[in-house]
Amino acid sequence: MTKQISHRYALSLAKDAGITPDNTLCLDVATKTGWATSIDSGNWKLAPTKEEERDGITEHWKLMDILSKFLDKHKNVKLVIMEDVLSTGGNAIPNKKLAEYHGIVKAVTTNYRLPSAIEVPYYSIKYHVTKNGNATKQQVIDAVKRRTGYTPETDDEADAIALYLLCARELSA
């Protein structure tokens, strides 16, 4: 059994290995996955259309495909950082799906010979931008807008940007 290390320690090891905010990809993995880098952010909609469902395409396949294409295009990405699935609380069905998504992210990053993705608890992400570890989705969106001047399209994108801001601080300190 491997020992779980804190995200702060994992980020300090990444920094020591030469990882910078400019070569990280931050993800809020969900059916509408928010993503953020040093220069851009957005959302990946994983829910398959009716046509995709007919063709046997699942949201799991879409996540693998979209992330792989993103890493192919953004060869500067050396580390993926995502919200910790175990810290989200809630009921078992969404958590099972989130755990599956995290497994896909870890499989793709392994395939690209990247280090294991670092997972950060949601309350650390929320606290970093709002000073409230239990902030609402709207409070996180508002805090991201105040800090960056940009209004995220969704709460998932706001979470990814908030995660990026936290990691940028840790990797730049």
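Reader: In what order do the strands of the open sheet lie?

Author: Read a sheet from one edge to the other. In this predicted model, the open sheet has 5 strands, ordered E3-E2-E1-E4-E5. The pairing is mixed.

Reader: Which strands are the edge strands?

Author: Look for strands that pair on one side only. Here they are strand E3 (41–45) and strand E5 (118–120).

Reader: By how many degrees are neighbouring strands turned against each other on average?

Author: For this sheet the average is 25°, with direction ignored.

Reader: How many bridges join E1 to E2, and how do these strands run?

Author: Take the pair strand by strand. Strand E1 covers residues 24–28 and strand E2 residues 32–36. They run antiparallel, joined by 3 bridges. For a landmark, find Asp28: opposite this residue stands Gly34 in E2.

Reader: Which strands does helix H1 touch?

Author: Check contacts, then direction. Helix H1 (residues 7–16) packs on the sheet and touches strand E4 (79–83) and E5. The directions of H1 and E5 make an angle of about 140°.

Reader: Which strands does helix H7 lie across?

Author: Helix H7 spans residues 155–172 and lies across E1, E2, E3, E4 and E5. Against E1, H7 runs at about 140°.

Reader: Now a single residue. Is Ser124 buried or exposed?

Author: Use the relative accessible area. Buried means under 20%. Ser124 has 19%, so this residue counts as buried. Ser124 lies in helix H5 (residues 122–130).

Reader: What is Ser124 in contact with?

Author: Set aside neighbours within four places in sequence. That leaves contacts with His7 and Leu166.

Reader: On to charges. How many salt bridges does a search of the whole structure find?

Author: The search finds 8. Take Glu52 and Lys62 as one of them: their closest N and O atoms are 3.1 Å apart.

Reader: Why does that pair tie parts together?

Author: Ask where each partner sits. Glu52 is in helix H2 (residues 50–54) and Lys62 in helix H3 (residues 59–73), so the bridge ties together parts 10 residues apart in sequence. Lys62 is buried, at 11% relative accessible area.

Reader: Which residue does Lys97 meet in a salt bridge?

Author: Lys97 meets Glu59, at 2.8 Å from N to O. This pair links distant parts of the chain. Lys97 is in helix H4 (residues 92–111), Glu59 is in H3, and 38 residues separate them. Compare exposure too. Lys97 is partly exposed at 31%, whereas Glu59 is buried at 13%.

Reader: What about a bridge inside one helix?

Author: Start with the helix itself. An α-helix has 3.6 residues a turn, so residues three or four places apart point the same way. Now the case. Glu100 and Lys96 are 4 residues apart in helix H4, about one helical turn. Their side chains meet in a salt bridge at 2.7 Å, N to O. Glu100 is partly exposed, with a relative accessible area of 28%.

Reader: Which residues do salt bridges that share partners join into one network?

Author: The network consists of Arg8, Arg169 and Glu170.

Reader: What should the 15 residues of H3 span?

Author: Use 1.5 Å a residue. For H3 the expected span is 21 Å. The end C-alpha atoms are 21 Å apart, which agrees.

Reader: Which residues in H3 are buried?

Author: Glu59, Lys62, Leu63, Leu67, Ser68, Phe70 and Leu71 are buried. Two were met above: Lys62 pairs with Glu52, and Glu59 pairs with Lys97.

Notes: Residues are numbered from 1 along each chain as its sequence is written. This is a predicted model: local features need pLDDT of at least 70, side-chain atom pairs count only at pLDDT 80 or more; totals for chains, interfaces and linings use all residues. Side-chain values use heavy atoms; hydrogens and water are left out. A salt bridge is a side-chain nitrogen of Lys or Arg within 4 Å of a carboxyl oxygen of Asp or Glu. Helices (H or I, at least four residues) and strands (E, at least two) are DSSP runs, numbered from the N terminus. Buried means under 20% relative accessible area, exposed over 50%, partly exposed in between (1.4 Å probe, protein chains only). The expected span of a helix is 1.5 Å times one less than its number of residues. Two strands pair if DSSP finds at least two bridges between them. Axes are lines fitted to C-alpha atoms, for helices over the stretch in contact, and angles run from 0 to 180 degrees between N-to-C directions. Contact means heavy atoms within 4.5 Å.
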